[in-house]
Amino acid sequence: MSSSTCVYVSDKIHGWLPANVLSSNETTAKVRVTIPALVEYGKNNTIIEAEETKEIELPVKEIESLPLQNVDANGNMMEMEDMVDLPSLTEAAILANLMARHVKEMPYTKIGDIVIAMNPFKWLK
């Protein structure tokens, strides 16, 4: 999979969602979007929805301006301790890198001399 086919699509809930461009013609492009699982904490329960994948069509002009994902030759998302080392440093790439590191309980991430600390606290069971 080429890195130019791995992009981020803007989303009102999640900010940016990883997507893959499947095909395109002169006017539209078919894109597969991965929507992450949502976890909602209620007073006494936890609702977990499974990750979802859906295909959508977008105008080609919109596809051309989408930020690229930082992926390796195998199409796997790259994660860096120092985000200066990311091939593409966009808002979407920064948020994806921070989320990946937060999920792995790695709260500190750098951008050059700047350190970003994510809140490591968790919900108690």
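## A hairpin to start with

Strands β1 and β2 make a hairpin, with three residues lying between them. This is a predicted model, and the hairpin is a handy place to begin reading it. The two strands run antiparallel and are joined by six bridges. One spot to look for is C6, which stands opposite N20 in β2.

## A second hairpin

Now follow the chain onward from β2. Strands β2 and β3 also form a hairpin, and here three residues sit between them. β2 covers residues 15–24 and β3 covers residues 28–35; they pair in the antiparallel sense over five bridges.

Which residues of β3 are the bridge partners of A19 and S23? For A19 the partner is V33, while S23 is matched with K30.

## The whole sheet

With both hairpins in view, you can step back to the sheet they belong to. Four strands make up this open sheet, in the order β1-β2-β3-β6, and their pairing is antiparallel. At the edges are β1, residues 6–11, and β6, residues 52–59; each of these pairs on one side only. Neighbouring strands of the sheet are turned against each other by 40° on average, with direction ignored.

## Reading the strands

Some background may help as you look at the picture. Strands of a sheet are paired through backbone hydrogen bonds, in either a parallel or an antiparallel way. In a regular strand, side chains alternate between the sheet's two faces.

Notes: Residues numbered from 1 in each chain as written. Predicted model: local features only at pLDDT ≥ 70, side-chain atom pairs only at ≥ 80, totals over all residues. Heavy atoms only, no water. Pairing = 2+ DSSP bridges. Axes fitted to C-alpha atoms, helices over the stretch in contact; angles between N-to-C directions.
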